[in-house]
Amino acid sequence: MKSFNVKSFNARNFNEPSEPMVEPAATTAPVTQPLPVEERVPAPSEALAAEGIPSRFCCFVTGTDTEIGKTLVSSAILHKLVGRGLRACGMKPVAAGAELVDGELHNEDADMLAASGNVHLPPNITTPYLLREPAAPHIAASLEGVTIDPVPIIAAYAEILAASDAVVVEGVGGFRVPFNDDFDSADLAAQLNLPVILVVGMRLGCISHALLSVEAIVARGLVLAGWVANTADPDMRFFDENIAALEARIPAPLLGIVPRLEEATAAHAARFIDLAGLPGWPSTRVL
Ligand SMILES: Nc1ncnc2c1ncn2[C@@H]1O[C@H](COP(=O)(O)OP(=O)(O)OP(=O)(O)O)[C@@H](O)[C@H]1O
Ligand SMILES: [Mg+2]
């Protein structure tokens with residue numbers, strides 16, 4: 001696996017940034033000397049609070065499986081960010097399954113994320129790998145003679161970050177979906193170094209899927225910011241008991257339980273998700 005890391009791109013995400021976003025005042029003091037208190041570079045949170053700028057909120061949304069509500073939850077998060085006056089952009093780095101509409105390839109997930117955010121960038125930025133075949137991405141890519149590589153994805157992510165206050169990256173399928181022989185979706189999450197939100201598709205079997213996903217996320221040194229229970233099977237028996245079992249075992253907060261919605265829109269789902277406790281979440285409306 002090629003190793004790239006975009007820690008610096010996420011300087012204002014909620015993993016407590018290490019770089020200040022404001023340039024320190026020019027000083028003639030030797031760099032090895034500690035700065036006097038009055039010339040101390042403010043911590044990013046102080047500087048941003050002083051400027052009235054919210055800290056950056058970025059996350060990687062993964063799930064226990066395919067078709068369990070990652071796009072719905074990602075869109076709901078974008079909807080909430082937009083409601084708080086932020087410039088919020090969704091990214092679906094790899095999408096398999098696209099149709100020609102008016103001469104342009106479209107993917108449902110990418111379209112829903114674009115409709116839920118308010119930063120409009122060219123589709124090749126928000127989805128660098130848009131593949132036609134609705135299949136496992138490495139298979140869909142090979143059908144087109146394409147190799148999915150981290151470099152264009154990370155470059156595109158940096159462009160999105162430059163244009164946005166908040167970025168929501170939706171993964172593909174479950175947490176470990178192969179992109180090529182030595183690069184998968186978990187590697188991408190690690191290279192982007194984003195806090196992860198796990199969507200658990202509530203249906204029989206989800207507990208093991210969720211716990212395995214949590215293990216894989218934590219094993220990569222990623223922050224599991226929280227998880228969302230989404231009702232994949234409206235007839236699931238012992239729903240509350242399953243939630244309790246997951247809550248007892250997942251070392252991160254439950255951010256919401258999304259019921260089966262009559263209309264699965266970002267706005268409806270957003271009513272059931274509460275991200276207020278997450279570090280970096282904008283506490284007040286910006287506009
Ligand atoms: N809580 C819900 N209520 C009603 N419909 C839902 C709910 N959650 C998901 N759906 C529907 O289930 C389908 C799959 O959801 P979604 O596209 O969000 O899954 P996904 O995990 O993003 O799938 P993929 O792996 O293809 O990216 C969609 O048609 C969506 O509208
Ligand atoms: Mg999706």
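# Close-up views of a predicted model

**View 1. The shell of residues around ligand 1.** In total, 16 residues surround ligand 1, and the closest of them are Thr66, Gly69, Lys70, Thr71 and Ala264. The model shown here and in the views that follow is a predicted one. Helix 2, which spans residues 70-83, supplies the largest share of the shell around ligand 1, namely 3 residues. Sorted by character, the residues of this shell divide into 5 nonpolar, 7 polar and 4 charged.

**View 2. The loop that follows helix 2, centred on Gly85.** Gly85 belongs to the loop that lies between helix 2 and strand 2 (88-91). This glycine is classed as partly exposed because 15 other C-beta atoms lie within 10 Å, a count that falls between the limit of 12 or fewer for exposed residues and that of 20 or more for buried ones. Although Gly85 and Asp165 are 80 residues apart along the chain, their C-alpha atoms are separated by 9.6 Å.

**View 3. Strand 11 and the two strands paired with it.** Strand 11, made up of residues 224-230, is mostly covered, with 6 of its 7 residues buried. Strand 10 (residues 196-201) runs parallel to strand 11 and is joined to it by 6 bridges, and within this pairing Ile197 stands opposite Gly226 of strand 11. Strand 12 (residues 254-258) also runs parallel to strand 11, the two being joined by 4 bridges, and here Ala229 stands opposite Ile257 of strand 12. In a regular strand, the side chains alternate between the two faces of the sheet.

**View 4. The helical connections on either side of strand 11.** Strand 10, helix 8 (residues 206-219) and strand 11 together make a β-α-β unit that is right-handed. Strand 11 in turn makes a right-handed β-α-β unit with helix 9 (residues 239-249) and strand 12. Strand 11 therefore takes part in both units, as the second strand of one and as the first strand of the other.

**View 5. The surroundings of Asn230 in strand 11.** Asn230 is placed in strand 11, and this residue counts as buried because 29 C-beta neighbours lie inside 10 Å, where 20 or more are required. Between Asn230 and Gly201 there are 5.1 Å in space, C-alpha to C-alpha, while the two residues are 29 residues apart in sequence. Leaving aside residues up to four places away in sequence, Asn230 touches Ile68, Gly69, Leu72, Val73, Val199, Val200, Gly201, Met202 and Val258. One of these contacts, Gly69, is also listed among the closest residues to ligand 1.

**View 6. Two loop residues with positive phi, Asp102 and Phe238.** Asp102 is found in the loop between strand 4 (99-101) and strand 5 (104-106), and its phi is near 50 degrees, a positive value in a residue other than glycine. Asp102 counts as exposed because it has 5 C-beta neighbours inside 10 Å, where exposure is assigned at 12 or fewer. Phe238 occupies a place in the loop between strand 11 and helix 9, with a phi near 55 degrees that is again positive in a residue other than glycine. Phe238 likewise counts as exposed, because 10 C-beta neighbours lie inside 10 Å.

**View 7. Helix 7 and the residue just after it.** Helix 7 (residues 185-192) is mostly covered, since 7 of its 8 residues are buried. The buried residues of helix 7 are Ser185, Ala186, Leu188, Ala189, Ala190, Gln191 and Leu192. Asn193, placed just after helix 7, takes a positive phi of about 55 degrees.

**View 8. The largest nonpolar core and the contacts of Val196.** The largest nonpolar core contains 73 residues, and those with the most contacts inside it are Cys59, Val196 and Ile273. Helix 2 provides the largest share of this core, 6 residues. With residues up to four places away in sequence not counted, Val196 touches Cys59, Phe60, Thr62, Ala189, Ile217, Leu222, Val223, Leu224 and Ala225. Among these partners, Ala189 is one of the buried residues of helix 7.

**View 9. The whole protein, for orientation.** The protein has 10 helices and 12 strands, and of its 287 residues 43% count as buried. Among the contacts with a separation of 6 or more, 76% are accounted for by residues 24 or more positions apart.

Definitions and conventions:
Residues are numbered from 1 along each chain as its sequence is written. Chains are lettered from A and ligands numbered from 1 in the order in which they are written. This is a predicted model: local features need pLDDT of at least 70, side-chain atom pairs count only at pLDDT 80 or more; totals for chains, interfaces and linings use all residues. A residue is near a molecule or strand if its C-beta atom, placed from the backbone, lies within 6 Å of it. Ala, Val, Leu, Ile, Met, Phe, Trp, Tyr, Cys and Pro count as nonpolar, Asp, Glu, Lys and Arg as charged, and the others, Gly among them, as polar. Two strands pair if DSSP finds at least two bridges between them. A nonpolar core is a set of buried Ala, Val, Leu, Ile, Met, Phe, Trp, Tyr and Cys residues joined through C-beta atoms within 7 Å. Two residues are in contact if their C-beta atoms, placed from the backbone, lie within 7 Å.
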